[in-house]
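Student: Hey, can we go through this one together? I'd like to start with the basic terms.

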Amino acid sequence: MPQHSHVRGAGILAACLLGTWLVWNARAEDTPGFNEARTRMVELDIARTGWAREGVKDERVLKAMRAVLRHEFVPESDRGEAYADRPLPIGHGQTISQPYIVAYMTEMLQLKPEHTVLEIGTGSGYQAAVLAEIVAKVYSIEIVKPLAERAAETLKKQGYETVEVKHGDGYFGWPEHAPFDAIIVTAAASHIPPPLVEQLKPGGRMAIPVGPPLQTQNLILVEKLEDGALRRRSVMPVRFVPLTRSKAEAE
Ligand code: SAH
């Protein structure tokens, strides 16, 4: 008799464990809804060449775009839109960039795993996370303090320990950690900031939107050649929020 009840007890326990496992798995399946949306976004909006749009081909970049949970970097109310190929507001008048542009600019930098990258305009931290999937170290500067703080928190929560975020005016770069293999500016500048050119390694690349605020700008690829000479090439029209300066610093 006691033997029997043991068996039955074990059966009930097994059933409970199975039930718990099923419930857990069902919950875990809800996030993969995002997973599929992300895979679809990479295939259809980023890798595919379409009308007036060149598909991103760098496998490292595509892998990074598949890996970063963009929905964790957008406001909770906009999570359903996280894998649509468009920018979204992140508060303080700023936006998280469109995924295609994030991927395209990342590809422009021709990153290698051992690289150190400087980003100007941390915003949500999403672009920094994409970079961190590919390179060894990312330094990122954000001029709006609450955004810098929130991005640092999100990046930490998502396990991106190789990203360092600082609140400040990125126009001046981050001389303590220079020179950088690559620099990415994710706000539109009226000109290429000389301190950033200075902090780029010979052989390094910079992606920067240059042009008037609140209008179409040119996405520029700046290459610093081994002899220090600069080569600039305009690669496509883009629209970014303006690169603001310290005196207009929003706290
Ligand atoms: N890369 C971001 C999107 C950035 S939007 C992302 O992945 O979410 C541009 C950001 O640049 C904004 O957050 C804006 O506050 C910031 N910014 C504007 N001027 C700046 C400056 N001079 N230095 C640093 N950040 C700046």
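Tutor: Sure. Helices (H or I, at least four residues) and strands (E, at least two) are DSSP runs, numbered from the N terminus. This is a predicted model, where local features need pLDDT of at least 70, side-chain atom pairs count only at pLDDT 80 or more, and totals for chains, interfaces and linings use all residues. Residues are numbered from 1 along each chain as its sequence is written, and side-chain values use heavy atoms, with hydrogens and water left out.

Student: Ok, so where's Ala52?

Tutor: Ala52 is in the loop that links helix 2 (32-47) and helix 3 (59-67). Its phi is positive, about 55°, although Ala52 is not a glycine.

Student: What sign does phi usually have?

Tutor: Most residues other than glycine have a negative phi, and most peptide bonds are trans.

Student: And which peptide bond is cis here?

Tutor: The one from Ala178 to Pro179, with omega near 0°. Pro179 belongs to the loop between strand 5 (163-167) and strand 6 (180-185).

Student: New topic: the ligand. Which residues come nearest?

Tutor: Ser124, Glu142, Asp169, Gly170 and Thr244, out of 27 residues around the ligand. A residue counts as near if one of its heavy atoms lies within 4 Å.

Student: What does Glu142 do there, atom-wise?

Tutor: One of its polar side-chain atoms lies 2.6 Å from a ligand oxygen atom. Asp169 has a polar side-chain atom 2.8 Å from a nitrogen atom of the ligand, and a polar backbone atom of Thr244 is 2.6 Å from a ligand nitrogen atom. For a polar contact, the N or O atoms must be within 3.5 Å.

Student: How much of the ligand gets buried?

Tutor: The protein buries 99% of the 580 Å² that the ligand exposes when taken alone. Those areas come from the Shrake-Rupley method with a 1.4 Å probe.

Student: Which strand gives the most to the shell?

Tutor: Strand 2, with three residues. Strand 2 spans 94-96.

Student: What does strand 2 pair with?

Tutor: Strand 1 (residues 88-91), in the antiparallel sense, over three bridges. Pairing takes at least two bridges found by DSSP. Leu88 sits opposite Ile96 of strand 2. In that hairpin, with two residues between the strands, His92 has a positive phi near 55°.

How values were computed: Polar contact = N/O pair within 3.5 Å; in protein donor to acceptor, adjacent residues only side chain to side chain.
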